[in-house]
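Work through the exercises below with the structure open beside the text. Each task is followed by a solution in steps.

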Amino acid sequence: MKFIPSVIRPVILGLCSGLVLSAAAQSSGAPATVRVMSFNIRMSAAADGVNGWTHRREMLFQTVRAFQPDLVGFQEVLANQYDELSAQLPDYAFSGRARVDGQRKGEWALLGFRRDRFRVVGQGDFWLSEQPAVIGSKSWDAMYPRICSWVRLGDAVAGGEFVFANTHFDHVGVVARQQASQLISRELSRIAAGRPAILTGDLNVTEDDPAYAVLVRPETPGAIRWRDAYRSLYPVRASGELTFHAFAGHTEGWRIDYVLHTADFVPLAATIDRTRSAAGYYPSDHYAVTAVLQVAQP
């Protein structure tokens, strides 16, 4: 499949140059940065015709490689897609479990991280339910079991450790999404134990939803107060921020895909990646969202 630049791709050459400069700057003692991507890749079992997985998977791999994330959170990953991502992205190690049986049945909220930069200190999963330790559990008005996967990483570039988590909220359950936000902030507060944290995900809510407010404006004492990388850089909402486009390529609308982080990071860049093929096809029914985060100095 032939690829052409999207509205984002004209900066690829500059991005690559920036990566080299960033590496040099970090080696000279400048603040380290972390490149983060969140990408709902659309499950391969869907009957999407010309937009089916076999037609778009190479474009999806190319989209990931072009951004060169240090961390990537994938949603809607089925077992065959997990196998292909592992094979096609050998520079990354992966963490997470399938949400139905904790092995290979159902979707992953899959975490990817660069092998040459990060070492795994701890990892785990919890289900977005009233019994988060029970594999495949669901609660409230959720249609499907939902999961949050996390990994604690040692960073060879920035030093220290941080927690990286990824999730996908239920698309039906209004109560389930609000409860999931509360559960995630509570559980990740415990898991991170004061360390920096990054959360990626398809939350299936816009910024107007109470579930979003629970994350960024928590009322529970001790809960993580997440910061929205994109909104920090673009404080005025614009109508062209759509991230779920159903393979149509629309832009008018609001975000449901996010890169969130604790105050230990400062966002330097954030994008909605609208990569498409020469024929106008897209790698997924969601646009990938990205952020470049600077590790805040103590």
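## Exercise 1: a pocket lining

The lining of the second largest pocket has four nonpolar, four polar and seven charged residues. The model is a predicted one.

Task: state how much space lies in the second largest pocket and which residues are closest to its centre.

Solution.
1. The space in this pocket amounts to about 280 Å³.
2. The lining consists of 15 residues, and Arg 42, Glu 76, Arg 146, His 168 and His 171 are the closest to the centre.
3. Arg 42 belongs to the loop between strand S1 (33–40) and H2.
4. The backbone of Arg 42 has a phi near 65°, a positive value in a residue other than glycine.

## Exercise 2: another positive phi

Task: find where Gln 68 lies, and decide whether Gln 68 is buried, partly exposed or exposed.

Solution.
1. Gln 68 sits in the loop between H2 and S2.
2. Most residues other than glycine have a negative phi.
3. Gln 68 is not a glycine, yet its phi is positive, at about 55°.
4. The relative accessible area of Gln 68 is 26%. Buried requires under 20% and exposed over 50%, so Gln 68 counts as partly exposed.

## Exercise 3: the largest cavity

Task: describe the largest cavity by its volume, its lining and the elements that supply the lining.

Solution.
1. There are three cavities of 30 Å³ or more, and the largest has a volume of about 60 Å³.
2. Its lining is made up of Asp 228, Ala 229, Tyr 230, Arg 255, Asp 257, Tyr 258, Val 259, Ala 270, Thr 271, Val 289, Thr 290 and Ala 291.
3. Two or more of the lining residues come from each of helix H6 (229–233), strand S10 (257–261), strand S11 (265–273) and strand S12 (288–295).
4. Sorted by class, the lining has seven nonpolar, two polar and three charged residues.

## Exercise 4: order in a sheet

Task: give the strand order of the six-stranded open sheet and name its edge strands.

Solution.
1. The protein has six helices and 12 strands.
2. Six strands form the open sheet, in the order S5-S6-S7-S8-S10-S9, with mixed pairing.
3. Strand S5 (118–127) and strand S9 (227–228) each pair on one side only, and these are the edge strands.
4. Within the sheet, strand S6 (residues 147–155) and strand S7 (residues 161–168) run antiparallel and are joined by seven bridges.
5. As a check on one pair, Ser 149 has Asn 166 in S7 as its bridge partner.

## Exercise 5: burial in two helices

Task: which residues of helix H3 (residues 79–88) are buried, and is Glu 187 buried or exposed?

Solution.
1. In H3 the buried residues are Ala 79, Gln 81, Glu 84 and Leu 85.
2. Their cover includes helix H2 (53–67), strand S2 (71–77), strand S3 (92–95) and strand S4 (108–114).
3. Glu 187 is part of helix H4 (residues 174–192).
4. Glu 187 is buried because its relative accessible area is 14%, and the cut-off is under 20%.
5. Along the chain, Glu 187 and Ala 223 are 36 residues apart, while their C-alpha atoms are separated by 8.6 Å.

## Exercise 6: the whole protein

Task: what share of the residues is buried, and what share of the accessible surface belongs to carbon and sulfur atoms?

Solution.
1. Of the 298 residues, 54% are buried.
2. The accessible surface is about 12,600 Å², and 54% of this surface belongs to carbon and sulfur atoms.
3. Taking contacts between residues at least 6 apart in sequence, 72% join residues at least 24 apart.

Note on methods:
Residues numbered from 1 in each chain as written. Predicted model: local features only at pLDDT ≥ 70, side-chain atom pairs only at ≥ 80, totals over all residues. Heavy atoms only, no water. 1 Å grid on protein atoms, 1.4 Å probe; cavity = no way out; pocket = protein on both sides within 12 Å on 5 of 7 lines; lining within 4 Å. Points joined across faces, edges and corners; volume = space filled by probe spheres on them. Helix = DSSP H or I, 4+ residues; strand = E, 2+ residues; numbered from the N terminus. Nonpolar A, V, L, I, M, F, W, Y, C, P; charged D, E, K, R; others polar. Buried < 20%, exposed > 50% of the residue type's maximum accessible area, 1.4 Å probe, protein only. Contact = heavy atoms within 4.5 Å. Areas by Shrake-Rupley, 256 points an atom, 1.4 Å probe, with all protein chains shown as cover. Pairing = 2+ DSSP bridges.
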